[in-house]
Amino acid sequence: MELFHDYIRDGRIKLREKVKVPTTLQDPCNVIRGGGLAEKNRRLAEMLSEDFRLPKNQGNYNFCCAGGGGAMPMGGEMKKYRLKAGRVKAEQLRETGAELIFVPCHNCIDQIRDLIKEYDLKCKAVHYKEVISELMEIPEEMIPKEEE
């Protein structure tokens, strides 16, 4: 996430366009509280979006998605507790009205995708790399030539 932020900010990655649907973000505990990257996470989401919507209680005060700390791989009986604990996150995301959620953590994205199903949220969770690879300009010299 930090590298994508820096590359787009510095013009090393150029975008053809921005995401047009309303977007918001997830602030993963390990990236934001542990890594101190709340500002870069927000700025990257803004750089990619025409309609970025900041959730309440974001950054260091964001709600946990309840998918970290080893909860995701503990399927079975634990899943119902994980989904119940994630209800606060689901409501936070719903309040934004966003259709696309940027999620820079593999545990969070799995949990948020489960929360989308469980709480019937009308949105999609994606990694930044998915969006950037779709929106980035490809330099002419890097476009494969058709063979004759």
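This is a short walk through one predicted model, starting at its sheet and ending at two loop residues.

Okay, housekeeping. Since the model is predicted, local features need pLDDT of at least 70 and side-chain atom pairs count only at pLDDT 80 or more, while totals for chains, interfaces and linings use all residues. Residues are numbered from 1 along each chain as its sequence is written, and side-chain values use heavy atoms, with hydrogens and water left out.

Let's start with the sheet. Helices and strands here are DSSP runs numbered from the N terminus: H or I with at least four residues for a helix, E with at least two for a strand. What order do the strands take in the open sheet? There are three of them, ordered β1-β2-β3, and the pairing is parallel; two strands pair if DSSP finds at least two bridges between them. β1 (23-25) and β3 (124-126) are the edge strands with a single partner each, so each has one side without a neighbour in the sheet. On average, neighbouring strands are turned by 30 degrees against each other, direction ignored; the axes for that are lines fitted to C-alpha atoms, for helices over the stretch in contact, with angles from 0 to 180 degrees between N-to-C directions. Between β2 and β3, which run parallel, there are three bridges.

Now, the residue I'd like you to click on is Phe102. Its bridge partner in β3 is Val126. Buried or exposed, then, is Phe102? Buried, at 0% relative accessibility; the cut-offs are under 20% relative accessible area for buried, over 50% for exposed, and partly exposed in between, using a 1.4 Å probe and protein chains only. Leaving out residues up to four places away in sequence, Phe102 touches a list including Val19, Thr23, Leu48, Val126 and Val131, where contact means heavy atoms within 4.5 Å. Thr23, in strand β1, is also buried, at 0%, and among its own contacts are Asp51, Arg53 and Leu100.

On to aromatics. Rings of Phe, Tyr and Trp (its six-membered ring) pair if their centres lie within 6.5 Å; planes under 30 degrees apart are stacked, over 60 edge-to-face, the rest tilted. That rule gives one aromatic pair. Phe102 and Tyr128 have ring centres 5.1 Å apart and planes at 20 degrees, so they count as stacked. The two sit 26 residues apart, Phe102 in β2 (residues 100-102) and Tyr128 in helix α7 (residues 128-135). Tyr128 is buried too, at 3%.

Both turn up again in the largest nonpolar core, which has 21 residues, with Ile8, Leu48, Phe102, Tyr128 and Val131 making the most contacts inside it. A core here is a set of buried Ala, Val, Leu, Ile, Met, Phe, Trp, Tyr and Cys residues joined through side-chain atoms within 4.5 Å. Elements giving it two or more residues are α2 (29-32), α3 (38-48), β2 and α7. A second, separate core of 16 residues includes Leu93, Cys105, Cys108 and Ala125.

How many disulfides, you may ask? Zero. The cut-off is two cysteine sulfur atoms within 2.5 Å, and the sulfur of Cys65 has its closest cysteine sulfur, in Cys108, at 3.7 Å, too far for a bond. Cys65 is buried at 2% and Cys108 at 6%.

Last stop, the loop between α3 and α4 (77-85), home to Asn57. Its phi is near 55 degrees, positive in a non-glycine residue, and Asn57 is partly exposed at 38%. Ala66, found in that loop between α3 and α4, has phi near 75 degrees and is buried at 15%.
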